[in-house]
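Biologist: I am new to this structure and would love a guided close look at one part of it. Could you take me through the strands and then on to the pockets?

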Amino acid sequence: KLSDIISTVEFNHTGELLATGDKGGRVVIFQREPESKTEPFSQGEYNVYSTFQSHEPEFDYLKSLEIEEKINKIRWLPQQNAAHFLLSTNDKTIKLWKVSERDKRPEGYNLKDEEGRIKDISTVTSLQVPVLKPMDLMVEVTPRRVFANAHTYHINSISVNSDYETYMSADDLRINLWNLDITDRSFNIVDIKPANMEDLTEVITAAEFHPHHCNLFVYSSSKGTLRLCDMREAALCDKHSKLFEEPEDPSARSFFSEIISSVSDVKFSHSGRYLLTRDYLTAKVWDLNMESKPLETYQVHDYLRSKLCSLYENDCIFDKFECAWNGADSVIMTGAYNNFFRMFDRNTKRDVTLEASRESSKPRAVLKPRRVCAAGGKRRKDDISVDSLDFTKKILHTAWHPTENIIAIAATNNLYIFQDKLNSEMH
């Protein structure tokens, strides 16, 4: 079903929980099983912990627009007590959810019976002390806040600040800063909307806070630029502190140059020193101290350069691929077509193409590297030709466990979790 297509995946800060959102507005949370002494292979399997409906389809009567329920992003808040909190957003509305466990229930009320109906006061002749009795574990998900009516355009990003008090939400033309406790107002910190919409040349595609400095954030644009902004400089960060941009090679310019240079995702490294970006054909690592060009450029699927015409015709050229860092910032990962995903080791410069499939996700299965050969190129035994790639199978959303070698791959409506299968491939 179309509504089952996964639209976002996100580990929490410990990696014990993994949340996915889908086009039907549902959020599914998986929990990692504790290590079992009797079965060493069962350690770390993720099982469904809770499923809830986060967003419903809505209708904007003023603009006569349907607002779909699809979850665009999920972001966990760092855990501060027994409960977990996460933010989820569709195109217009962000919600804060509380996920908590209950394994006891109160019994022996004085003023109501066991079904919860209020008793007739005249029948209450003695007082009893209510007690907590054990019950089966229940996971309760409750909406705590709804942040609505602040975006004219579609929300593409949310990011929780390292002060844990604020977060930002970005749409095509504006970025807003919210306090997690205040739902009725937000501060506009970036506005790139031109006075005349006919002068519009670029849109915001993604935005993220720095992992350690609460005053810094970055946003990417459809023109392939990154802007680093410092909220200490001005309330409205329309003047960036740094602009990261790679000068275009005029000889390589084509009709598709602008489309394929649009940045679909930007992620700070865990250290905060680097930025990882993804455009249509490449992943790039930028050093915050060097604006003129990326530190590293990785070709994700260079064999598609000759296919841009047909990818434009079937709209695939507008696909928005995400990217992810491993916990040590030494390996990056991003998706491709045919249910392939790519990993690049920044130290050894080795790279590998892997396939997400039912077979490869079995507990003891080994991930076999795949190779795609360009049209007309020499084929080796297991190579797959670029002409036989399935462009309906695309891996747009991936996530990496914050400390371990565990990755989550969303392949249309299937979620694959691979763990400890990655070492042998990269080394």
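Biologist: To begin, how do β3 and strand β4 pair, and over how many bridges?

Modeller: Happy to help, and please keep in mind that this is a predicted model. β3 and β4 (residues 46–53) pair in the antiparallel sense, and 7 bridges join them. One bridge to look for is that of V27, whose partner in β4 is F52.

β3 also has a partner in strand β2 (residues 17–22), again antiparallel, this time over 5 bridges. There you can find L18 standing opposite F30 of β3. β2 and β3 form a hairpin with 3 residues between them, and in its turn G25 has a positive phi of about 85°. β3 itself covers residues 26–32, and because 5 of its 7 residues are buried, the strand is largely enclosed by the rest of the structure.

From here, let us move along the chain to a loop. K63 sits between β5 (58–60) and β6 (65–67). With a relative accessibility of 47%, K63 is partly exposed. From K63 to D199 the C-alpha distance is 22 Å, with their positions 136 residues apart in sequence.

Next comes a sheet. Four strands make an open sheet in the order β7-β8-β9-β10, with antiparallel pairing. Its edges are β7 and β10 (131–147), each of which pairs on one side only. On average, neighbouring strands in this sheet are turned by 25° against each other, direction ignored. At the β7 edge, the pairing with β8 (residues 84–89) is antiparallel and runs over 4 bridges. You can spot R75 there, opposite L87 in β8.

A second open sheet also has 4 strands, ordered β19-β20-β21-β22 and paired in the antiparallel sense. Here β19 and β22 (296–299) are the edge strands, each with pairing on one side only. The twist from one strand to the next averages 15°. β19 pairs with β20 (residues 274–278) through 4 bridges, in the antiparallel sense. Within that pairing, V266 has T277 of β20 as its bridge partner.

Now for the pockets, where some of these strands turn up again. The largest pocket holds about 1200 Å³ of space. It is lined by 47 residues, and those closest to its centre are T205, S264, F318, D319 and K320. The elements giving two or more residues to this lining are β1 (6–11), β7 (73–76), β11 (155–160), β15 (204–209), α1 (257–261) and β19 (265–268). Sorted by class, the lining of the largest pocket contains 16 nonpolar, 14 polar and 17 charged residues.

The second largest pocket has about 920 Å³ of space. Its lining is made of 32 residues, with E10, H13, E208, F268 and H270 closest to the centre. Two or more lining residues come from each of β1, β7, β11, β15, β19, β23 (323–325) and β29 (397–400). β1 gives the largest share of this lining, 4 residues. By class, the residues around the second largest pocket are 15 nonpolar, 11 polar and 6 charged.

While we are at β15, have a look at the loop leading to it from β14 (187–191), where you will find E202. E202 counts as buried, at 15% relative accessibility. Its C-alpha atom is 30 Å from that of M343, and the two residues are 141 apart along the chain.

Let us finish with the cysteines. The model has 0 disulfides. C309 is in none: the nearest cysteine sulfur belongs to C316 and is 14 Å away. C309 is partly exposed, with 47% relative accessible area. C323 is in no disulfide either, and the sulfur nearest to it among the cysteines, that of C229, lies 18 Å away. C323 is buried, at 0% relative accessibility.

Note on methods. Residues are numbered from 1 along each chain as its sequence is written. This is a predicted model: local features need pLDDT of at least 70, side-chain atom pairs count only at pLDDT 80 or more; totals for chains, interfaces and linings use all residues. Side-chain values use heavy atoms; hydrogens and water are left out. A disulfide is a pair of cysteine sulfur atoms within 2.5 Å. Buried means under 20% relative accessible area, exposed over 50%, partly exposed in between (1.4 Å probe, protein chains only). On a 1 Å grid over the protein atoms alone, a cavity is a set of points where a 1.4 Å probe fits but cannot get out, and a pocket is an open set with protein on both sides within 12 Å along at least five of seven lines; lining residues have an atom within 4 Å of a point. Grid points are joined across faces, edges and corners, and a volume is the space filled by probe spheres set on the points. Ala, Val, Leu, Ile, Met, Phe, Trp, Tyr, Cys and Pro count as nonpolar, Asp, Glu, Lys and Arg as charged, and the others, Gly among them, as polar. Two strands pair if DSSP finds at least two bridges between them. Axes are lines fitted to C-alpha atoms, for helices over the stretch in contact, and angles run from 0 to 180 degrees between N-to-C directions.
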